[in-house]
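User: I'd like to learn how to read the helices in a model like this one. Could you take me through a few features, one at a time?

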Amino acid sequence: PADLVAGNGLIEAGTFIGILLGTLAGSALITTSHGAALTAGLGLFIAGLGIVFSHKIPPVPAAQPGLRLRWNLPAEITTLLTEARSNRPVWFAILGISWFWALGASLLAEFPVLAHDQLHASAHVVSAMFGVFAIGIGIGSLAIARFGHRASTLTPVAVSGLAVTVFTADFALTGRTAPALPSLSGLLASLAGWHLLADLLLLAVCGGAFSVPLYVRLQKYAAPSHRARMIGANNVVNALASVAAAGLTAALYAAGLRAPAILLILAMANAAIAAWIWRYQGIFVPS
């Protein structure tokens, strides 16, 4: 229990850094002469490492050894989500985490579009943006792991959420008016380029600080006999939220909106979520 915040911070930092490094590595390898084979080979190699490392996880006894799952997946998922909704602090955490993944997926999709359409940037500029974003997520997650020991309060989540709104909106407005930055050297030589990188870094730092306390709440307030299933319910809702966000983004593009406008819409939606967390944080802190 004493390591719950730190453990979640490390996992969150490693997860996002892994995702972004994998994205960069795949983007670089796929453009080579044997790109498909190299990318697939690297994926298989990493999967093999995952199998090896999984055997190093210390075994723990089953919290509910008599549990039997049904093969009827829709019915089982419905039961899972019903159980999650019956625990208000857990469900609140699941909704917050799912919004985090939906927003994160949308932002990662919009960054390269804005860089290409507004900045006429090269792949190196996009890679630099992804790299800065990865570093920021790591800093935010590790910072909350080091200093965020009060798992019963959601104040860091609400404050971080509001900050994400500010930096997302500023990134969108700066990107809309910035000059063309086709090269990495041009990005680093431009005040607007540094402004964009600072927005990305601070946005990512706050994003890392936003998610970790919610994961801690999910695990802390789930009954030991139900904790694994509550994490499973969280994964289901996360996936649904990410798919819904992708569909909404596609609909906004179909309506003729461009990346800066979509980012501003995401910023406003995130402000509403942060205000909701701030308003209800006292209700969802169990005694």
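User: Let's start with α1: how many residues does it have, and how far does it reach from its first C-alpha to its last?

Analyst: Keep in mind that this is a predicted model. As for α1, it has 26 residues and reaches 37 Å, close to the 38 Å expected at 1.5 Å a residue.

User: What about α4: what should it span, and how far apart are its end C-alpha atoms?

Analyst: Same kind of check. Helix α4 runs over residues 88–117, so at 1.5 Å a residue its 30 residues should span 44 Å; the end C-alpha atoms are 43 Å apart, which agrees. It's also mostly covered, with 21 of the 30 residues buried.

User: Back to α1. Which of its residues are buried, and what covers them?

Analyst: The buried ones are Val5, Asn8, Gly9, Glu12, Ala13, Phe16, Leu20 and Gly26. The cover includes α2 (35–54), α4, α5 and α8 (191–221).

User: Glu12 is a charged residue on that buried list. Which side chain of opposite charge is nearest, and how far away is it?

Analyst: That's Arg217, 15 Å away, and buried Glu12 has no salt bridge. A salt bridge would need a side-chain nitrogen of Lys or Arg within 4 Å of a carboxyl oxygen, so 15 Å doesn't qualify. Setting aside residues up to four places away in sequence, Glu12 touches Phe100, Ile137, Ser141, Ser211, Val212 and Tyr215.

User: How do I describe the way α4 and α5 pack?

Analyst: In general, you give the angle between the two axes and the distance between them. Here the axes of α4 and α5 (residues 123–147) come within 10 Å and cross at roughly 145°, and the crossing is right-handed. Where they meet, α4 supplies Leu108, Phe111, Pro112 and Ala115, while α5 supplies Val126, Met129, Phe130 and Phe133.

User: What's notable about the phi of His120?

Analyst: As background, most residues other than glycine have a negative phi. His120 isn't a glycine, yet its phi is positive, about 50°. You'll find His120 in the loop between α4 and α5.

User: One last residue, Asp170: how exposed is it, and what is it in contact with?

Analyst: Asp170 sits in helix α6 (residues 155–177). Its relative accessible area is 25%, so it counts as partly exposed. Leaving out neighbours within four places in sequence, Asp170 is in contact with His195 and Asp199. Sequence distance and spatial distance are separate things to read: Asp170 and Pro260 are 90 residues apart in sequence, but their C-alpha atoms are 9.9 Å apart in space.

Notes:
Residues numbered from 1 in each chain as written. Predicted model: local features only at pLDDT ≥ 70, side-chain atom pairs only at ≥ 80, totals over all residues. Heavy atoms only, no water. Helix = DSSP H or I, 4+ residues; strand = E, 2+ residues; numbered from the N terminus. Expected span 1.5 Å × (residues − 1). Buried < 20%, exposed > 50% of the residue type's maximum accessible area, 1.4 Å probe, protein only. Lys, Arg positive; Asp, Glu negative; His and termini not counted. Contact = heavy atoms within 4.5 Å. Axes fitted to C-alpha atoms, helices over the stretch in contact; angles between N-to-C directions. Left-handed = near helix turned anticlockwise from the far one by under 90°.
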